[in-house]
Amino acid sequence: MTTQPDGVLSELIIAMEAWHCKVPVNARRDHGIGSVLGSVDVVVVKLTSESGAVGYGEASPWPVFCGTAEADLAAFERYFAPHVLNQPIGNRATILRRCEHAVVHCSDAKAALETALLDLTGQLLSLPVHALMGGKVRDRVPLSVSIANPDFNTDKQLAERIHNDGVRVVKVKTGFNTHEFDVMRIEWLQNNYPDFTVRVDYNQGLEPFDCMRVLQDIDDLNVGFIEQPVASRHWQCMREIRQSIRTPLLADESVFTPTDMVRAINEEICDAVSVKIMKCGGLTRGKEIAAIAEAAGLGAYGGDMFETGIAHLAGLHMVASTPAISLGCEYYQASYYLEQDLLASPFPVEDGQVIVPDKPGLGVEVDLNRIQSCALSQVIAQSS
Ligand code: MG
């Protein structure tokens with residue numbers, strides 16, 4: 001048991017509010033694992049301290065991948081609140097440890113809670129979140145935008161737009177239609193925009209049976225990396241794929257936790273990993289995964305779910321403060337996919353690079369009116 005913190009860090013958390021928001025999106029997107037159309041569900045959490053300082057976090061639970069907004073809302077109200085309210089803000093690690101053990105899974109809700117605690121602490125100490133995570137090692141992070149519309153003509157317009165904006169990394173979502181459709185899109189992008197780095201993500205869309213011929217075709221196209229071609233459980237197949245292609249193989253759905261990362265290294269299933277705070281439960285865990293990967297000589301990439309700018313910012317502070325996450329990030333939804341973001345000013349992107357904010361906390365104000373206007377439901381927990 002640690003002693004109680006002094007000064008600003010002794011401030012107690014007196015309220016926790018959470019909103020389940022339905023955020024409209026501008027297009028259909030298909031992935032090997034499932035599709036998105038119309039809107040995405042996120043849960044925004046707000047913590048308030050005794051002095052009235054606030055911190056925000058976001059859970060972005062794509063139901064086919066991480067979890068559900070309904071479960072996240074219950075996690076905040078029923079399982080986290082008793083361990084958060086009346087706790088000093090300086091007890092962040094203790095709060096997170098207790099919440100980790102209070103309910104299984106809900107990794108996206110746990111990521112949101114850590115984000116809100118970091119944002120609140122940063123506001124109180126006038127420090128950016130990256131400073132609380134060890135300090136930044138980069139000011140800008142290359143942005144990757146995903147090509148995932150079943151109507152490729154619409155994605156051609158997106159490609160032109162992002163190219164004009166300075167984006168030079170794209171990730172083609174594959175495995176939801178035919179192999180010919182995938183090859184056509186990759187080659188079209190490479191031929192029309194030779195300065196694009198084209199990466200490929202199957203989101204588990206291939207069956208192990210006969211996946212090798214498909215992947216050897218893609219291998220010949222000289223793409224940047226191939227991500228999670230088969231289901232997360234097919235560890236042996238991932239290993240065999242890695243041995244049969246030259247293109248680096250990236251694990252996403254196979255690696256949620258640091259323990260998964262150790263296994264991935266032991267079983268030699270990948271050359272790099274997609275680190276997502278929603279999979280592992282927060283920034284600290286994400287940094288642990290990256291450290292394990294780095295120790296084994298593997299690369300790491302800043303992945304995301306269907307997020308708004310709030311969760312993008314959390315991931316960005318993690319990437320900014322983690323040397324090993326050097327393959328860029330895919331925090332593009334706030335700029336290119338949402339009809340309207342939940343931040344009060346644009347998510348910071350310039351010339352195809354995400355700019356790391358240096359203001360206190362997450363570094364960009366949220367738009368509380370916007371959060372409330374797209375909320376389906378809300379829970380409020382206050383200290384008595
Ligand atoms: Mg992926």
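Modeller: A residue is called exposed if 12 or fewer other C-beta atoms lie within 10 Å of its own, and buried if 20 or more do. The model discussed here is predicted.

Biologist: Which exposed residues does α6 carry on the face turned away from its buried side?

Modeller: The buried residues of α6 are D182, R185, I186 and L189. They cover an arc of only 95° around the axis, which puts them on the same side of α6. The face turned away from that buried side carries the exposed residues E180, E187, N191 and N192.

Biologist: What do the buried residues of α6 pack against?

Modeller: The buried residues in question are D182, R185, I186 and L189. One helix and three strands are involved, and the buried residues of α6 pack against α5, β7, β8 and β9 (197–201).

Biologist: How far apart are the end C-alpha atoms of α6?

Modeller: The helix has 14 residues, and at 1.5 Å a residue it should span 20 Å. The model agrees with this, because the end C-alpha atoms of α6 are separated by 20 Å.

Biologist: Which residues of α5 are exposed?

Modeller: In α5, the buried residues are D155, L158, A159 and I162. They lie on the same side of α5, because they cover an arc of only 105° around the axis. On the other side, the exposed residues are N153, Q157, E160, R161 and N164.

Biologist: What is included in the cover over the buried residues of α5?

Modeller: The residues to be covered are D155, L158, A159 and I162. Their cover includes two strands and two helices, namely β7 (144–147), β8 (169–173), α6 (179–192) and α13 (333–336).

Biologist: Which residue just after α5 takes a positive phi?

Modeller: Helix α5 runs over residues 152–164, and its end C-alpha atoms are 18 Å apart. Just after this helix, a positive phi of about 100° is taken by G166.

Biologist: What do the buried residues of α9 pack against?

Modeller: In helix α9 (residues 258–266), the buried residues are D260, M261 and A264. They fall within an arc of 100° seen down the axis, so they line one face of the helix. The face turned away from the buried side carries the exposed residues T259 and N266. The buried residues pack against β11 (249–251), β12 (272–275) and α11 (283–295).

Biologist: Which element supplies the largest share of the side of domain 1 that touches domain 2?

Modeller: The domain assignment gives domain 1 (7–126 + 368–382) and domain 2 (132–355), and 35 residues of domain 1 are in contact with 33 residues of domain 2. On the domain 1 side, β1 (13–24), β2 (29–31), β4 (39–49), β5 (54–59), α3 (107–125) and α14 (368–373) each supply at least two residues. That side divides into 18 nonpolar, nine polar and eight charged residues. The largest share, nine residues, comes from α3.

Biologist: How far apart are the centres of the two domains?

Modeller: The domains are those of the assignment, domain 1 (7–126 + 368–382) and domain 2 (132–355). Taken over C-alpha atoms, their centres are separated by 24 Å.

Biologist: What radius of gyration does the protein chain have?

Modeller: The C-alpha atoms fill a box of roughly 60 × 40 × 35 Å along the principal axes, and buried residues make up 53% of the 384 residues. A compact globule with 384 residues would have a radius of gyration near 21 Å. The protein chain agrees with that, because its radius of gyration is 20 Å.

Definitions and conventions: Residues are numbered from 1 along each chain as its sequence is written. This is a predicted model: local features need pLDDT of at least 70, side-chain atom pairs count only at pLDDT 80 or more; totals for chains, interfaces and linings use all residues. Helices (H or I, at least four residues) and strands (E, at least two) are DSSP runs, numbered from the N terminus. The expected span of a helix is 1.5 Å times one less than its number of residues. The arc is that of the directions from the helix axis to the C-beta atoms. Two residues are in contact if their C-beta atoms, placed from the backbone, lie within 7 Å. Domain bounds come from an automatic or database domain assignment. Ala, Val, Leu, Ile, Met, Phe, Trp, Tyr, Cys and Pro count as nonpolar, Asp, Glu, Lys and Arg as charged, and the others, Gly among them, as polar. The radius of gyration is taken over C-alpha atoms; the globule rule is 2.2 Å times the number of residues to the power 0.38.
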